[in-house]
Amino acid sequence: MLLSANGLGLEFGSDEIFSNLTFNINDGDRIALVGVNGAGKTSLLRIISGDLEHTAGKVNKAGNLRIGYLPQQISQFPGGALLEAVCAGSGDGAEALSREEELHSILEKDGITDNSVLKELSQVQDKIHSTEAYNLESRAQAVLYGLGFSKEDLTKNLESFSGGWKMRAMLGAILLNNPDLILLDEPTNHLDLDARLWLEEFLRRFKGAAWIISHDPTFLDRVANKVVEIEFGELKTWGGNYTFYVKEKLVQAELLIKQARKVDDEKEKLERFVKRFKATESKRFQVRSREKMLEKMEAVKIYKSPKRMMIRPPDVPRSGTRVLQMVDVSKAYDKTVFANVNLSIQRGDRIGIVGKNGGGKSTLSRLFANIEEPSSGTVTKGTSVKIGYYSQEIDLQLNEKHTVLQHVHNIAPARSEREIRSYLGRYLFTGDDVMKPISVLSGGEISRLALAGILIKPTNFLILDEPTNHLDIFSRDVLQEALKSYKGTLILISHDEKLLSALSEKLFIVKNEKVTAFIGNFTEYVEKLRTLANQQFKKPDEKANVESTREADKERKRKEAAERNRAYKERRKTEKKIERIEKKMKPFELRRKEIEDLFGKPEVINNSTRLVELQKEHAYLSDEISALEELWMEIADEE
């Protein structure tokens with residue numbers, strides 16, 4: 001066991017984020033940490049890493065446990081050349097190498113054998129071996145290449161890189177340290193598809209434990225072997241990958257809703273009885289019994305479904321057959337981005353644009369949108385083409401002094417405030433939210449507002465550059481479904497594999513100063529990249545182990561399937577028990593209802609003998625129903 005937590009709690013002021021969390025972390029765990037926004041996922045990772053102090057409970061760590069933590073925002077990192085900075089920032093391994101050199105100097109200087117120095121030297125060398133620090137530089141190069149850096153990048157000053165590339169460098173340093181436990185908070189946000197597939201393969205081979213927060217369901221499916229969910233301030237573990245969790249969660253949610261309805265119905269019946277007979281002396285003991293039952297009843301916690309956007313694709317006026325054409329187009333800034341590009345986009349095309357970050361994808365999209373001019377060549381827009389453009393740097397294009405309402409009103413001035421408020425509600429801006437200045441919005445809110453502004457106007461040529469970067473899983477699904485029904489021409493730049501698989505029918509690859517069409521579909525393209533990513537991890541002698549790796553994958557899949565089957569069988573067993581109880585209860589409930597109807601008939605009210613018989617039968621039926629309902633709830637609680 002690497003780490004255990006018992007009764008863990010966190011409060012910020014009077015707000016309780018979570019309480020009484022108890023869990024263990026073991027070697028080989030690859031956990032997808034999920035939960036609605038605000039559930040405390042990031043806070044939990046920070047507590048595990050030691051970056052945040054918990055307010056209740058205990059965290060026990062194995063001796064010498066080494067943890068690597070990648071936060072969402074970049075933290076302090078060594079300066080200097082990229083390769084040197086990543087080696088220095090790798091932590092324990094680099095520190096151990098430095099300390100080994102110091103200890104050797106001490107021994108050479110003193111010229112004597114100092115037992116305490118020798119003991120420390122032995123410990124330091126153990127750490128060097130455990131972190132594989134002797135070949136630190138060559139390993140660092142391999143990691144940096146996998147994350148998308150070039151050979152020329154290795155000697156560049158880290159300060160010359162953008163924030164996204166600095167995050168990659170920080171991730172590289174963490175992976176290079178070979179920690180026992182890796183904590184990753186949205187690691188794919190700044191990764192293109194090539195780098196994401198490499199990281200996926202790294203984590204699949206990783207021998208330690210990993211806890212990962214991500215809005216990328218495809219990544220979680222391929223990496224995670226368990227899902228841990230924070231809900232209602234509590235933790236629950238699910239076996240299998242993310243897709244299995246989603247399916248099982250829906251089944252459990254339905255059972256909880258059914259259980260909650262049963263509890264509400266029973267509570268209503270008990271309250272009705274108490275209210276009706278509270279003043280009746282002969283019913284005093286029955287009333288008190290039901291009051292005690294009410295006191296013991298607890299509300300069933302129902303899955304808190306997150307709010308979802310309701311996106312409707314914009315109206316699509318008809319455009320010409322040819323939407324856009326490029327002839328011998330080149331683009332250069334300090335250096336050439338791409339040259340001699342010739343391509344044609346036809347009405348109704350749905351094109352995915354892929355390539356490494358910094359390769360020119362966004363530049364190409366700006367040329368499509370007429371935001372930039374080519375350095376040479378011609379870009380010709382077709383007739384009646386109306387463009388909607390989403391930039392991955394959309395926050396820089398919004399006026400931060402404007403409110404949410406003002407932003408959309410400026411785009412659609414003919415709409416009334418009431419119409420705009422109603423429209424913004426579909427993008428989860430309600431009430432006073434629409435009066436927020438753009439400067440205070442989160443990344444997700446800015447993405448939703450930008451989409452709202454783009455999709456409110458009729459367009460027939462939609463160009464989206466990384467539209468899902470700051471959207472949660474639920475919002476990504478909503479956007480995907482809306483774009484599926486969009487009737488215009490679509491250009492999509494994204495590293496979201498699920499989105500591209502669902503929407504793209506053609507692929508343009510931006511690479512090595514060229515833009516080329518890929519012969520094949522997106523799935524085939526991803527498989528090609530995955531093969532390349534796998535090859536980066538193979539050693540010369542590893543080919544002999546390919547078959548055993550396949551067998552290991554089969555065994556893993558077999559275990560996951562067995563776990564799914566076990567969970568399904570247990571669930572069906574419970575459902576069958578409940579069905580039998582409900583079947584037995586139904587005639588009792590029907591007869592009780594008949595008796596209750598008879599109580600209102602004059603011929604029964606005026607026949608005291610008949611009335612007493614029916615009251616006795618009614619009491620018997622009620623007791624039987626109550627007993628069956630208690631049994632129903634006990635079985636449901638076992639879930």
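The protein chain exposes about 33,700 Å², of which carbon and sulfur atoms supply 48%. The model is predicted. Of the 639 residues in the chain, 47% count as buried. The C-alpha atoms fill a box of roughly 105 × 85 × 50 Å along the principal axes. The secondary structure comprises 21 helices and 18 strands. Among contacts with a separation of 6 or more, 69% are accounted for by residues 24 or more positions apart. The chain carries 99 positive and 98 negative charges, and the mean positions of these two sets are 6 Å apart.

Helix α16 covers residues 473–484. At 1.5 Å a residue, its twelve residues should span 16 Å, and the end C-alpha atoms are 17 Å apart, so the expected span and the modelled distance agree. The helix is mostly covered, with nine of the twelve residues buried. The buried set begins with I473, F474, S475 and R476. It continues with V478, L479 and Q480, and ends with A482 and L483. Both nonpolar side chains, including those of F474 and L479, and polar or charged ones, including those of S475, R476 and Q480, are therefore found among the buried residues of α16. An α-helix has 3.6 residues a turn, so residues three or four places apart point the same way. At the N-terminal end of α16, D472 acts as a cap: one of its side-chain oxygens lies 3.2 Å from the backbone nitrogen of F474. F474 is itself one of the buried residues of the helix.

Two further helices are described through single residues. S362 belongs to helix α11, which runs over residues 361–368. With a relative accessible area of 15%, S362 falls under the 20% cut-off and is therefore classed as buried. The side chain of S362 forms a polar contact of 2.6 Å with the side chain of D465. When residues up to four places away in sequence are not counted, S362 touches Y389, Q392, D465 and I493. D465 thus appears both as a touching residue and as the polar partner of S362.

L107 is found in helix α3, which comprises residues 92–110. The relative accessible area of L107 is 17%, and because this value is under 20%, L107 is also buried. L107 and S122 are 15 residues apart along the chain, and their C-alpha atoms are separated by 13 Å.

Key. Residues numbered from 1 in each chain as written. Predicted model: local features only at pLDDT ≥ 70, side-chain atom pairs only at ≥ 80, totals over all residues. Heavy atoms only, no water. Helix = DSSP H or I, 4+ residues; strand = E, 2+ residues; numbered from the N terminus. Buried < 20%, exposed > 50% of the residue type's maximum accessible area, 1.4 Å probe, protein only. Contact = heavy atoms within 4.5 Å. Areas by Shrake-Rupley, 256 points an atom, 1.4 Å probe, with all protein chains shown as cover. Lys, Arg positive; Asp, Glu negative; His and termini not counted. Charge placed at Lys NZ, Arg CZ, Asp CG, Glu CD. Expected span 1.5 Å × (residues − 1). Polar contact = N/O pair within 3.5 Å; in protein donor to acceptor, adjacent residues only side chain to side chain.
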